[in-house]
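Here are my notes on the model you sent, set out as numbered points so that each can be checked against the coordinates.

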Amino acid sequence: MLETEYKFAEVYDLAKLLDAAADRVQFKNIFNNANGGVSLLAFKAGQHLDTHLAPAEVMVYVVEGEVVFTMFDKPHTIQANSFMLMGEGVPHSVVANTDAKVMLVKIKSESWYTAPLCHLNSLATDKTNNYGQSEIRMR
């Protein structure tokens, strides 16, 4: 079931739905369901989120401002109207270079088991993921 405080068939200005606060990064869920959701984050310049794991496959879209998004220890500067993709379980952190608003589109991954490359008999298929790393998936 979809959880949201917003009405269908109405237009909203995404950037105006949430204001940044001096004490911490602000979060607002736009909608959620069992398959994922969309959230808006608002940062003041210099605010950050420490390294944590992505709970789903994520599209990170910067609505306003500029952030440095570090994934696999590699920093990526993302400016307004740009996005990047990230896989589930990926360690990452975020630092706002300017006041910024970021939309996260989260989609829960396939219900398959994903593990580092190792020998898992004939049930496994070797596949290269979008990060150029080999992984094993089992049905």
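1. Serine 39 touches Lys28, Asn29, Ile30, Val102, Met103, Leu104 and Lys106, leaving aside residues up to four places away in sequence. This is a predicted model, and the contacts of serine 39 should be read with that in mind. The residue itself belongs to strand β2, which covers residues 36-43.

2. Is serine 39 buried or exposed? Its relative accessible area is 4%, and because the limit for a buried residue is under 20%, serine 39 counts as buried. Its side chain is nevertheless engaged in a polar contact, since the side chains of serine 39 and lysine 106 are joined at 2.7 Å; lysine 106 is also one of the residues listed among the contacts of serine 39.

3. The largest nonpolar core has 20 residues, and within it Phe43, Val60, Val67, Phe69, Met86 and Val102 touch the most other members. At least two residues of this core come from each of β2, β4 (57-64), β5 (66-71), β7 (82-86), β8 and β9 (100-107). Another core, of ten residues, lies apart from it and includes Tyr6, Ile30, Leu40 and Val63. Val102 of the largest core and Ile30 of the other core are both among the residues that serine 39 touches.

4. Which strands make up the open sheet, and in what order? Four strands form it, in the order β3-β8-β5-β6, with antiparallel pairing. β3 (48-53) and β6 (74-79) are the edge strands, and because each has a single partner strand, one side of each is left without a neighbour in the sheet. On average, neighbouring strands of this sheet are turned by 20° against each other, direction ignored.

5. At the β3 edge, the pairing can be followed in detail: β3 and strand β8 (residues 91-96) run antiparallel and are joined by four bridges. Histidine 48 has valine 95 in β8 as its bridge partner.

6. The structure holds one aromatic pair, formed by tyrosine 6 and tyrosine 12 in an edge-to-face arrangement, with 4.9 Å from centre to centre and 70° between the planes. The two rings belong to residues with unlike accessibility classes: tyrosine 6 is buried, at a relative accessible area of 14%, whereas tyrosine 12, at 33%, counts as partly exposed. Tyrosine 6 is also one of the members of the ten-residue core.

Note on methods
Residues numbered from 1 in each chain as written. Predicted model: local features only at pLDDT ≥ 70, side-chain atom pairs only at ≥ 80, totals over all residues. Heavy atoms only, no water. Pairing = 2+ DSSP bridges. Axes fitted to C-alpha atoms, helices over the stretch in contact; angles between N-to-C directions. Buried < 20%, exposed > 50% of the residue type's maximum accessible area, 1.4 Å probe, protein only. Polar contact = N/O pair within 3.5 Å; in protein donor to acceptor, adjacent residues only side chain to side chain. Contact = heavy atoms within 4.5 Å. Phe/Tyr/Trp six-rings, centres within 6.5 Å; stacked < 30°, edge-to-face > 60°. Core = buried A, V, L, I, M, F, W, Y, C linked by side-chain atoms within 4.5 Å.
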